[in-house]
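Here's a quick tour for anyone meeting this structure for the first time. We'll look at cysteines and at charged side chains that pair up.

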Amino acid sequence: MTTIDSYIQTLKVEVAKQDPVILGIAVAVLVVLVTIVLFKLITRGRNTKQAILLVGLCDSGKTLLFSRLVHGKYVSSYTSIKENSGIYDVIGSRNKIAEVVDIPGNDRQRAQFWERYKSQARGVIFIIDSTTFQKEIKEVAEYLYTLLSDKTVNTQFLIACNKQDITMAKSSKVIHQQLEKEMNTLRVTRAAALSSTDGSSSGVFLGKRNKDFEFAHLGKLKVDFADCSAKGSGGEGDPELNMVEEWIGALV
C-alpha cells in the first residue's frame, strides 16, 4: 500500500469518528487537490497562440475573406486602416472556434500590426490577388519572404490564391511555381546585401543551401496553397472557401 493510500485510509477512519478538527482538515485537503487538478487541466488545454492572421497586399480580398469567415456575409471592398478581429466557428465542429485577425495590407501599417499580433498566431493565411499576381509578384514575394524570415514565428502558412471566380486568375499551382522562382531570386539578392553590409551571412536563410528555393525545404514552416474566391462566382453569392475552411479546421 502506498503512502497516499495509507493516508486516505487513515483519513477515512478519522472522518468516521466525526472529529470536527479532522473533518476540517479533510475538507481543506480535498479543496486543494481539486484546485490543483482543475488548474492542470485548464493550463494544459490552453494555447496562447489562438489567432489566425489574415495578411496580404491591399485589394487582395482580406477584409472580404474576414467577413465571410466571421460574419458569413458579403461586404464591399475597402482599404482597412486598422485591424479587424472576430470569432470563426469551425465548420463541422460544435466546439472548435478560432479568432481571426485581418491585418491592414498597406506597407506603412502592416509591419507594426504584424509585430503586435505575430506572437498570437496559430496560423497565417497570406491572401494573393490571383488576377494581379503577375504584376505584383515582386512585392508579394518580398512581403512573404519577410514574414517567413521572422525568427520568432514558427507556425503554418496558407497561401490563399483569391479571386478564382475571375477568368484571368492564375491557379494556385502556377502561383506556387512562379513564387518559388521569385523567392529564389530574392534570396540571392538579400544574402548578397547582408554579406556586403557586415561581411557575414548571419541573416535567416530560407530553404536549403546550394538548392533552388522550394517551400517544401522550409522545415517546420509548413506552407500550403489553396484556390479560393471570397466573392464567389455569383458576385455576392456563395463564396468558394472549402480549402481555406478545411485548412483552418485541421489547424485548430
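## A cysteine on the inside

Let's start with cysteine 161, which counts as buried because its relative accessibility is 0%. Keep in mind that the model you're looking at is predicted.

Does cysteine 161 sit in a disulfide or in none? In none: the nearest cysteine sulfur belongs to cysteine 228, and that sulfur is 7.2 Å away. A disulfide needs two cysteine sulfur atoms within 2.5 Å, so a gap of 7.2 Å rules this pair out.

## No disulfides here

Zoom out to the whole structure, and the disulfide count is zero. As a bit of background, a disulfide is a covalent bond that joins the sulfur atoms of two cysteines.

Cysteine 58 gives another view of accessibility. With a relative accessible area of 27%, cysteine 58 is partly exposed, because that value falls between the 20% and 50% cut-offs.

## A bridge between two helices

Now for the charged side chains: the structure holds six salt bridges. One of them brings together the side chains of glutamate 139 and arginine 110, at 3.5 Å from N to O. This pair ties together distant parts of the chain, with glutamate 139 in helix H5 (residues 133-148) and arginine 110 in helix H4 (residues 110-117), 29 residues apart.

Which of these two partners is buried? That's arginine 110, at 11% relative accessibility. Glutamate 139 counts as partly exposed, at 37% relative accessibility.

## Three residues, one network

Lysine 118 is worth a stop too. The side chain of lysine 118 meets that of glutamate 115 in a salt bridge, at 3.1 Å from N to O. Lysine 118 also makes a salt bridge with aspartate 150, side chain to side chain, at 2.9 Å from N to O.

Where do lysine 118 and aspartate 150 lie along the chain? Lysine 118 is in the loop between H4 and strand S4 (121-129), while aspartate 150 is in the loop between H5 and strand S5 (156-162). They are 32 residues apart, so this is another link between distant parts of the chain.

Both ends of that link are tucked away: lysine 118 is buried with a relative accessible area of 14%, and aspartate 150 counts as buried at 13% relative accessibility. Through shared partners, the salt bridges join Glu115, Lys118 and Asp150 into one network.

Conventions
Residues are numbered from 1 along each chain as its sequence is written. This is a predicted model: local features need pLDDT of at least 70, side-chain atom pairs count only at pLDDT 80 or more; totals for chains, interfaces and linings use all residues. Side-chain values use heavy atoms; hydrogens and water are left out. A salt bridge is a side-chain nitrogen of Lys or Arg within 4 Å of a carboxyl oxygen of Asp or Glu. Helices (H or I, at least four residues) and strands (E, at least two) are DSSP runs, numbered from the N terminus. Buried means under 20% relative accessible area, exposed over 50%, partly exposed in between (1.4 Å probe, protein chains only).
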